[in-house]
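Colleague: I work at the bench and would like a close look at a single part of this model. Please choose one, take me through it slowly, and then show me how it sits in the rest.

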Amino acid sequence: MHSLDVPFADTAAADLTFSLAQGRLPSVHSTVARLTARSGHALRVELAVLGCSHQVIVTGGGAELIETLACLPTADPTLPESRLTAGIAGTGVHDFRSRVDHVGTDRFLAAVDDIVAGAQRAAHHAVVDFPGHPGAVTALALGPSAAAGTEAGAGAEAGADGTQRVGDALSWQTWHCYPQHGEIVHTRTALTGLEHAFRPTAGAHPCPARPSEVSI
């Protein structure tokens, strides 16, 4: 786990904004995974911690997806339980789910310990804490498609060049732990349709969320 030498910001779930339109923001810690899709084209996935928030940046073929969950001064706070966006870098589909767990002070640190242990089992992860603020943790873990029902970090094979080979989908999870409010924000994202997405000719044409989407 990476300890941050930065001031701790008093943030709560109600302050967060989800966005696929926000550009890159300065990170305090990040991990980069270099992957190869089933079709053979390269993907770069960066798990970036912004402090009490995150960005996941997927690039390939000149296209880029940036998932942001952060306090954005230029946008009203909004944390959807479910948001489906098609047309990502061509044919990609971004399926975002979130929930806010309210955890009592007697159980909060144990819950955070479980989150940290689980995230660190993933082959690619970024986990940070704030010294002097027990339980203040931001964690990200990269894994295969959530639909596959496998744990984070499983389901990818290493190629001869050292890159990991994935199928037609990626998934990742994030956790934002706010002990001062007894909140743990847990997000899950599945990015599917990678076989023909993130190619040199791909473009991004996002469509609105599907209103019938079910939250988790």
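Modeller: What follows starts with the helix and then moves out to its surroundings.

First, a word on reading this. Residues are numbered from 1 along each chain as its sequence is written, and side-chain values use heavy atoms, with hydrogens and water left out. This is a predicted model, where local features need pLDDT (the predictor's confidence in each residue, from 0 to 100) of at least 70 and side-chain atom pairs count only at pLDDT 80 or more, while totals for chains, interfaces and linings use all residues.

The protein chain has 1 helix and 14 strands; these are DSSP runs numbered from the N terminus, H or I over at least four residues for helices and E over at least two for strands. Helix 1 covers residues 105-120, which is 16 residues. At 1.5 Å a residue (times one less than the number of residues) helix 1 should span 22 Å, and its end C-alpha atoms lie 23 Å apart, so the two agree.

Now look at which way its side chains face. F108, V112, I115, V116 and A119 are the buried residues of helix 1, buried being under 20% relative accessible area, exposed over 50% and partly exposed in between, with a 1.4 Å probe and protein chains only. These buried residues sit on the same side of helix 1 because they cover an arc of only 95 degrees around the axis, taken from the directions between the helix axis and the C-beta atoms. The general background is simple: an α-helix has 3.6 residues a turn, so residues three or four places apart point the same way. On the other side of helix 1 you will find D106, D113 and D114 exposed.

What lies over the buried side? Strand 9, strand 10, strand 13 and strand 14 (183-192) are among the elements that cover the buried residues of helix 1.

To place the helix in the wider picture, turn to the nonpolar cores: sets of buried Ala, Val, Leu, Ile, Met, Phe, Trp, Tyr and Cys residues joined through side-chain atoms within 4.5 Å. The largest has 24 residues, and L35, V45, V58, L170, W172, L191 and F198 touch the most other members. Strand 9 (124-129), strand 10 (137-143) and strand 13 (169-178) are among the elements giving it two or more residues, and strand 4 gives the most, with 4 residues. Apart from this core lies another, of 14 residues, which includes V103, I115, V116 and A119. I115, V116 and A119 are names you have just met on the buried side of helix 1.

Across the whole chain, 48% of the 216 residues are buried. Contacts (heavy atoms within 4.5 Å) also link distant parts of the sequence: of those with a separation of 6 or more, 66% join residues 24 or more positions apart.

Finally, how far to trust the picture: the chain averages a pLDDT of 82, and 79% of the residues score at least 70. Residues 144-156 fall below 50, although this stretch has 26 contacts in the model beyond near neighbours in sequence. Residues 202-216 are also below 50, with 32 such contacts. Where pLDDT is low, the predicted coordinates should not be read in detail.
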